[in-house]
Every structure is written in C-alpha cells, then in structure tokens.
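Q: Hi! I've just opened this structure and don't know where to look. Could you walk me through it?
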Amino acid sequence: IFLTVSATLNTSMFTEQQREKITIICPNLKREGNPNMDGSEKLTGDFKDIEKAYHYFKDVLAGNDTNNNFSHSESKKGLEDENGLKTEEMNELTVLTALYEYFNHTCKEQIKLLRERFGVCIRSKDHYNGTTSVFFTSAKSPASVQGANDFFIRTFQRSVEDLKQEKIPVTNSYTLSETIMKLNARFSNLLAKEEGNQLLLRGPASEILAAKKFLAEEGENSQTEKNMKISSELYKYRNGIEVDASVFKLLETILSKEIEDIKDKFDTVIEKKYSSYGKKVLIVFRPRIKTSDLSSHATESFIDAFQNASAMLREKLISSKLSEDQKKRLSMLLNGKQLEDLHVKLKKKEDKFILSGLPNHLYAAEEHIMNLLKIEDSTQTKNRTPLSSDLSYQEATGASEKKYNGRQKNNLSSEVQSKAKTEEDDKDACPICMERIKNKEILSKCNHAFCKSCIDQAMTYKQACPVCNTVYGLMEGDQPEGTMSTRTMSSALPGYPSCGTIEITYNMRGGIQTNNHPNPGKPYCSTSRTAYLPDNKEGREILQLLRRAFNQKLIFTVGQSRTTGVRDVITWNDIHHKTSIAGGPTNFGYPDPDYLQRVRSELKARGIE
C-alpha cells in the first residue's frame, strides 16, 4: 500500500560515521543529497527502513549510541529548534490517490479520532503519477507523531483491504448527482462519484453489490424511473419503420397477435400511418408512460416478427389452362376487395395470374376462386379439371440483403418480393441475382439453391444462407477481451420455484476500437455485467450455449448502447440476457416463461445449438 516513505535528515546533528551506519542497519535505504534544503540528506525506502532509521537517530540524540559526539542536551536542543520541519518530513507516507480518496471519504470518524488523540494535523498532496503524499505535523513531540503514524497505517490498511471498483454508464448528469448523494448517504463503506459521465462505485465487493441491488430496487438504473430511464431518443428508427402496405396486409392476421404481445411487453402503443398513396405504411411505437421509454425495443421486436412472418409468404401460379372467359373473371378480382379481405393478393404478369399470401390464406382463396368460377360458369366447369390442379406452390425467394453487416430495416418489403416461376420455364431463379441459376450450388443444411458465384460472394460477407439465415461454418464476432464466470445460488428465480439460480458475471476490459468497430482508433471503457438463469436442465443447457457464444466473441460488441444512448461503449450483441432477478420482461428480469426459448433461438441464428 505504501509505495515509498521519505525522511529528511539534519546532517549537522550527526557525524558522517553515524549517518553511514544506518546504511549497514538498513541496506535497502537510499541516501542522497537534498537540493531543496542545505545541510540535509534525503533518506528513501520502505516504511520499515525509515522506521528503523528514525529509532536509530532518536537513540543517537538520546545518548544511547557510543559513537555519538554530541551531548544529550545539545541534541535535544537541536531537535527542538527544528521540530516543526523535521517532524513533518520524517512522517511523509506515499499512497495511491484512489485509495486515499476512499479512506478520506469513508473513515471520517477515524481521522477525527486520530487528530484528537495524538494532537496532529494531516496534510496531503496529490501527484501527477496517481499517488498522494500524506504528512503529519504536531506541536507536541515526535512520539505523538509516531503514534499518529502507526494509528493511520493500521486504520488505512484495514479500510482499503479487498477494495473493488466498478463503473456504470448513465445518461443524465443532473440525475447522476442525485443518485450519488443517495448512495453515499445510504452506504457508509462505499464511495460513489462521477467519472466521465459514469457512476463510479468504489468499496468492498459486497458493498458494491448491495448498491447495485439498491439501484435496481429503487429504479435508479431502470426504465421505470425517469431519472435513469431507458432512452430511445438516439435510436435510428425512433420515428417509425416503413414497410410495404400490401405485404403488411398479407401478414396482418399473424402480426396482430405479435403486435399485441409487443405492446404489453414494452408498455407501448402503436400508430399506423399510410403514405405514398397507400403503398407504404409507417409503424410507430410510442411509450404509454413518458418515464418508461422502451419504444426502441418494441420496434426491434416488430422488425424481427415482420421478417419472420415474411419468410412464410408463398406464391401460387395460376397457369394458362384457364379459359379466356375465366381469365376475364379473374381479372375482375385484381382490384376488388374480396381477395384483400382474405389476406391474399392477386397480380397479373403478362398473361399469367400469381396469387400471394400465407399458405392457409392461399388455400382459402383458392377455394373461393373455384366456387366463384363454378357458380358463374357451371357449364364450363362440368368437364373442367379442378382449379387446384392448375396451381402449384412456389416458395417466395426474398431478395438478398445488400448490406450484410446490418439489416436494412427501413425497406423490409424488398426481402419478401418473389420472382414467379413460369410453367414454360422450369429452371430455378437465384434468390440473390434473381436470374436463372448458373452453375447451381445447393446448400447442404437448408437445400436452398443459388448461382455458385452469387453464393460464394454472399458467404464472404456472412456465413449464412441469404434466404433462411441457416449458419454455415463458425461465426465469430468482434467482442472485446474479457472473462465469463459463473456461480450457483440457492435462491429461486420468479417462475422457477423448484430450482436454484445460476449467476453469470462478465468482466470486459477496455481498449481501442479496431476496424471491425464503428469508430476505429477510439477508446472504449471496461464494464462488467451480471445475468441470471434458472439452475435446471434447460438453464444449464443455455449456459453452455452462452459459453460457446462468448468464446466465439458473440455476446458483446462495441457501439451505441440501446438503453443509454451512449456511443463507443461495450454493449450487448443481440443475444438477450436477464440482468435482473425480478421485475418481469420490462425490467429485463423474471418471470418470463418464453425467455429460454427465445435466447435459444437467438443462439441458433448464430450457429450455436
């Protein structure tokens, strides 16, 4: 703790022989001239060496050394003449500034006791190298200074033993000051302070943990209080996400339940604004309560739901075997409301009709068309092949992403547009270039086919199928360096009363952003995160998957925090964790019966299963 201790020795009071003897007693003690004070030497060493030197020269002045050339009275007089300077300089201690700051904050009673008991004054001086010099002065005797020195050392060592430190990102400096006042008033062994727009906690590990729990319980660092709320102001899609209105209509039946779940989960309301003559619809999520803004999370969940639903869209091709009269009747349905109410879309391409929608809706629409044609033209249907034999399913082949390092969420409709396969041309269309497949390559897991040149190029951006996102190969991320540790607790999580809890602790180190990060060359700070899983079979399985994801650098990334809006920080990388024990989904806690299934799906999307 004490790096160095220095003392100034009055050379006029001791012979050279006496001064040389101390280097024999303390071989590690350094003697050097003191340019700041004539007739003196500076002694530097650890505390024990300086303490030995002090007692040695004290004995010399007291006449207990045989080589002493001064009388006791002369020595005593010399000490008294220079008592003010010598006593202070003889008791300079050098400690780390961070430790002394903590001691000064948490040990006010002990410091007061030291001053009153020993009659000393304490002065300190901070140095540029992160250390602080502590001086003791007294108008009494060197013995009182030495007693104060010993008392300080014992108290200081006890107070800084097992000291830890943690930084918590926050957004508002005004509310941060209020939070610091609360923490310092509540926890006597904790130092809370602001450092770089972050909340710094310094103290024993148990005290830091208690403070974090207090913050969570009081809502100081959660979205439930406006002073530490989740901010969506810097979110890219804060003004909504625009999708194709016709595609949204096709998916409305299955999206309606998803939207209701999203509204309940993130406490939001939804607005739908049609634009561009009804071709586009803007989906906007707003917080139901101003102090709890989880709209960014709601929008992200909607985007995931929309993309998943879009992948289910299919097309049916109505061939040219229909009579001209039947084709005319079908043409009348193109702009009508009948099929729209069935949540399917009929379009005409050249002389062919293409029916789009979800599989169950396509089936219902097919029945509707069959009945319509039979009713209106029963004489022609008597000898006609059923309509269903003239239709064939074709999977929708979404256009490939043009930007592989991030979803183009503001134009999601492009991912569900399909190229119909005509009856005359039975060759496949490549989902990437949308042309006939050349030098076909079929992916082994999902059996989707592409042009070899197209899929080879796509795989250089992302080792996954562009159609269904099935991962091929080992996916690695840009996670900073850090550690992942776990421990088990006997207490149960809400919703899992029959088992204990697994606590996961991530300690991530700070560093400099690389070319894979948003701002190469800029620094990012260290952070630590804690997450929880139920200690049952499924929870332990998820833990092993998370450990694999951590080893593949997929848990964290560097960028802008979705919850605080702060840039250039270590943040979650879309593999969701439960960072609170209780509070439900809106507080990132339990109970949440679907969480384990969701996180398993998120891990699977990265090839971890």
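A: Happy to! Keep in mind that this is a predicted model. Let's begin with an open sheet of 3 strands, which run in the order β7-β9-β8 with antiparallel pairing.

Q: Cool. Which are the edge strands there?
A: Those are β7 (163-169) and β8 (191-194), as each of them pairs on one side only.

Q: And how much are neighbouring strands turned against each other?
A: On average by 20°, if you ignore direction.

Q: Over how many bridges do β7 and β9 pair?
A: There are 7 bridges between β7 and β9, and β9 covers residues 198-204. If you want a spot to click on, try L163, which has P204 of β9 opposite.

Q: What actually holds strands together in a sheet?
A: In general, strands of a sheet pair through backbone hydrogen bonds, and the pairing can be parallel or antiparallel.

Q: Got it. Which helix packs on this sheet?
A: That's α5, which touches β7, β8 and β9. The direction of α5 makes about 75° with that of β9.

Q: New topic: how many residues are in the largest nonpolar core?
A: It has 39 residues. The ones with the most contacts inside this core are F57, Y100, L114, F136, F152 and F156.

Q: Which elements give two or more residues to it?
A: On the helix side, they are α2 (47-61), α5 (97-106), α6 (108-118) and α7 (142-159). The strands are β1 (5-10), β4 (92-96), β5 (120-126) and β6 (131-138). The biggest giver is α2, with 7 residues.

Q: What lies apart from that core?
A: Another core, this one of 33 residues, including M489, I542, L545 and L546.

Q: Back to α7 for a second. How many Å does it reach?
A: From its first C-alpha to its last, α7 reaches 26 Å, close to the 26 Å expected at 1.5 Å a residue. The helix has 18 residues.

Q: Which residues of α7 are buried?
A: Quite a list! Among them are V145, A148, F151, F152, I153 and F156, along with S144, Q146 and N149. You've met F152 and F156 already, in the group with the most contacts inside the largest core.

Q: Last one: what does the whole chain look like in numbers?
A: The protein chain has 18 helices and 25 strands. Of its 609 residues, 46% are buried. About 31,800 Å² is exposed, and carbon and sulfur atoms supply 49% of that. Finally, among contacts with a separation of 6 or more, 61% are between residues 24 or more positions apart.

Technical notes: Residues are numbered from 1 along each chain as its sequence is written. This is a predicted model: local features need pLDDT of at least 70, side-chain atom pairs count only at pLDDT 80 or more; totals for chains, interfaces and linings use all residues. Side-chain values use heavy atoms; hydrogens and water are left out. A nonpolar core is a set of buried Ala, Val, Leu, Ile, Met, Phe, Trp, Tyr and Cys residues joined through side-chain atoms within 4.5 Å. Buried means under 20% relative accessible area, exposed over 50%, partly exposed in between (1.4 Å probe, protein chains only). Helices (H or I, at least four residues) and strands (E, at least two) are DSSP runs, numbered from the N terminus. The expected span of a helix is 1.5 Å times one less than its number of residues. Contact means heavy atoms within 4.5 Å. Accessible areas come from the Shrake-Rupley method with a 1.4 Å probe; for residues, only the protein chains shown count as cover. Two strands pair if DSSP finds at least two bridges between them. Axes are lines fitted to C-alpha atoms, for helices over the stretch in contact, and angles run from 0 to 180 degrees between N-to-C directions.
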